[in-house]
Amino acid sequence: MTDGALDPVIHAPARLRIVVTLATLPAGDTLTFTRLQDLIGLTPGNLITHLRKLEDAGYVATSKSGAGVSAVTAIWLTPDGRTALDSYTVTLRGLLDSVSPDQRT
Amino acid sequence: MDEDQGTGQELDTQSASAIMQEASARAVRALVVRRPVLFAVWGVAWLAADGAIWLSVRGQRPYSGPTPAALMELIAIVAAAAIVTVILVGRAASGIGGLSALHRRILLMSYLAGFAGVLILEAALDHAGASPGVIGVYGAAAPTLLAGVVIAASSALRQEWSVLGLGLWLLAVGAGAGFAGPAAVWGVTALAGGTSLLLIAGIGLRLRRS
């Protein structure tokens with residue numbers, strides 16, 4: 001199995017950061033778009049693009065409340081997203097373990 | 001970071017692992033309330049506040065109650081601990097909604113309503129002609145009892161068993177400390193309450209490091 005076995009939706013630096021960050025919160029919690037942006041360090045446009053890909057895969061969900069300047073977008077990891085990250089982590093560990101120590105330099 | 005980042009084509013497994021560790025550590029630092037620090041703050045505050053009252057009433061025969069200076073000290077210490085709590089929790093919880101935010105609001109309302117009730121009942125006891133000794137026992141024991149009940153209930157809901165132990169311990173201290181008498185009860189609650197919070201803080205910090 002190569003890197004191709006890793007979920008391609010998650011296996012990208014920005015999306016990996018997004019999913020791991022959201023997974024830090026307990027199930028049932030949400031994070032605002034602006035706080036997530038602060039933590040990830042992406043521009044709003046890039047963050048929206050990556051969130052859309054994750055949302056299309058069913059890994060994150062969003063909801064918008066308010067309107068205009070007071071609008072707040074809440075983002076959270078779905079149960080499918082949590083399961084996908086768990087699978088990704090297991091696969092990644094397997095791949096890392098399969099690499100011999102001298103190859104890891 | 002540019003738009004192309006995230007295609008996944010250049011990401012090797014070791015880099016992915018490093019990104020996960022870095023992102024997780026950063027998220028925990030930023031989003032998780034440092035509860036051991038909160039326990040330590042309140043442990044020190046409890047020791048200092050009830051300790052100040054105890055120092056002002058020890059040796060009183062008959063018991064006449066704490067000095068205004070000691071009461072002011074207690075109020076200042078509790079206010080300072082509350083401000084530190086608001087800053088620490090507010091910083092970590094900023095932008096977080098959902099169940100945790102709801103739990104925090106319920107916990108805050110429980111404490112505020114509970115302490116308001118404790119103060120109102122103390123005024124009622126005074127109004128009914130209770131002696132300074134009874135007021136002294138009540139003033140030290142009732143807040144301890146309340147803190148024990150709230151901590152035990154909230155930790156049981158989160159299935160945090162060591163903190164549940166703390167809540168039950170405070171409940172026991174609040175229930176039994178009054179037998180020490182109106183002056184000594186302040187020393188008992190200061191030591192038993194403050195040190196138990198510091199102990200839980202120490203356990204939490206050690207677990208976090210391991």
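Q: What do the side chains of A:Arg17 and B:Glu22 meet in?
A: The side chains of A:Arg17 and B:Glu22 meet in a salt bridge, at 3.5 Å from N to O, where a salt bridge is a side-chain nitrogen of Lys or Arg within 4 Å of a carboxyl oxygen of Asp or Glu. This is a predicted model, in which local features need pLDDT of at least 70 and side-chain atom pairs count only at pLDDT 80 or more, while totals for chains, interfaces and linings use all residues. Residues are numbered from 1 along each chain as its sequence is written, chains are lettered from A and ligands numbered from 1 in the order in which they are written, and side-chain values use heavy atoms, with hydrogens and water left out.

Q: How many salt bridges are there over all chains?
A: The count comes to three over all chains by this rule. A:Arg17 lies in helix 1 (residues 13–24) of chain A and B:Glu22 in helix 1 of chain B, so this pair joins two chains; helices (H or I, at least four residues) and strands (E, at least two) are DSSP runs, numbered from the N terminus. Across the interface of chain B and chain A, the rule finds one salt bridge.

Q: And how many residue pairs are in polar contact across that interface?
A: There are 11 such pairs, both residues being at pLDDT 80 or more. A polar contact is a pair of N or O atoms within 3.5 Å; within protein, one must be able to donate a hydrogen and the other to accept it, and residues adjacent in sequence count only if both atoms are side-chain atoms.

Q: Which elements of chain B give two or more residues to the side that touches chain A?
A: They are helix 1 (13–31), helix 3 (68–93), strand 1 (96–98) and helix 4 (99–127) of chain B, and helix 1 of chain B gives the most, with 14 residues.

Q: How many residues does the contact take from each chain?
A: With contact meaning heavy atoms within 4.5 Å, it takes 34 residues from chain B and 36 residues from chain A.

Q: Switching to the sheet, in what order do the four strands come?
A: The open sheet runs 2(A)-3(A)-1(A)-1(B), with antiparallel pairing, two strands being paired if DSSP finds at least two bridges between them. Strand 2 (60–65) of chain A and strand 1 of chain B stand at the edges with a single partner strand each, so one side of each is left without a neighbour in the sheet.

Q: Where do the two chains pair, then, and over how many bridges?
A: Strand 1 (residues 29–32) of chain A pairs with strand 1 of chain B in the antiparallel sense, over three bridges, and A:Leu31 stands opposite B:Ile96 there.

Q: What about strand 2 of chain A and strand 3 of chain A: how many bridges join them?
A: Six bridges join strand 2 of chain A to strand 3 (residues 72–77) of chain A, the two running antiparallel, with A:Ser63 opposite A:Ala74. Their hairpin has six residues between the strands, and in it A:Gly66 takes a positive phi near 80 degrees.

Q: Last one: what does the side chain of B:Ser56 reach?
A: B:Ser56, found in helix 2 (residues 35–57) of chain B, reaches the backbone oxygen of B:Ile53 with its side chain, at 2.9 Å. Not counting residues up to four places away in sequence, B:Ser56 touches B:Pro66, B:Thr67 and B:Ala70.
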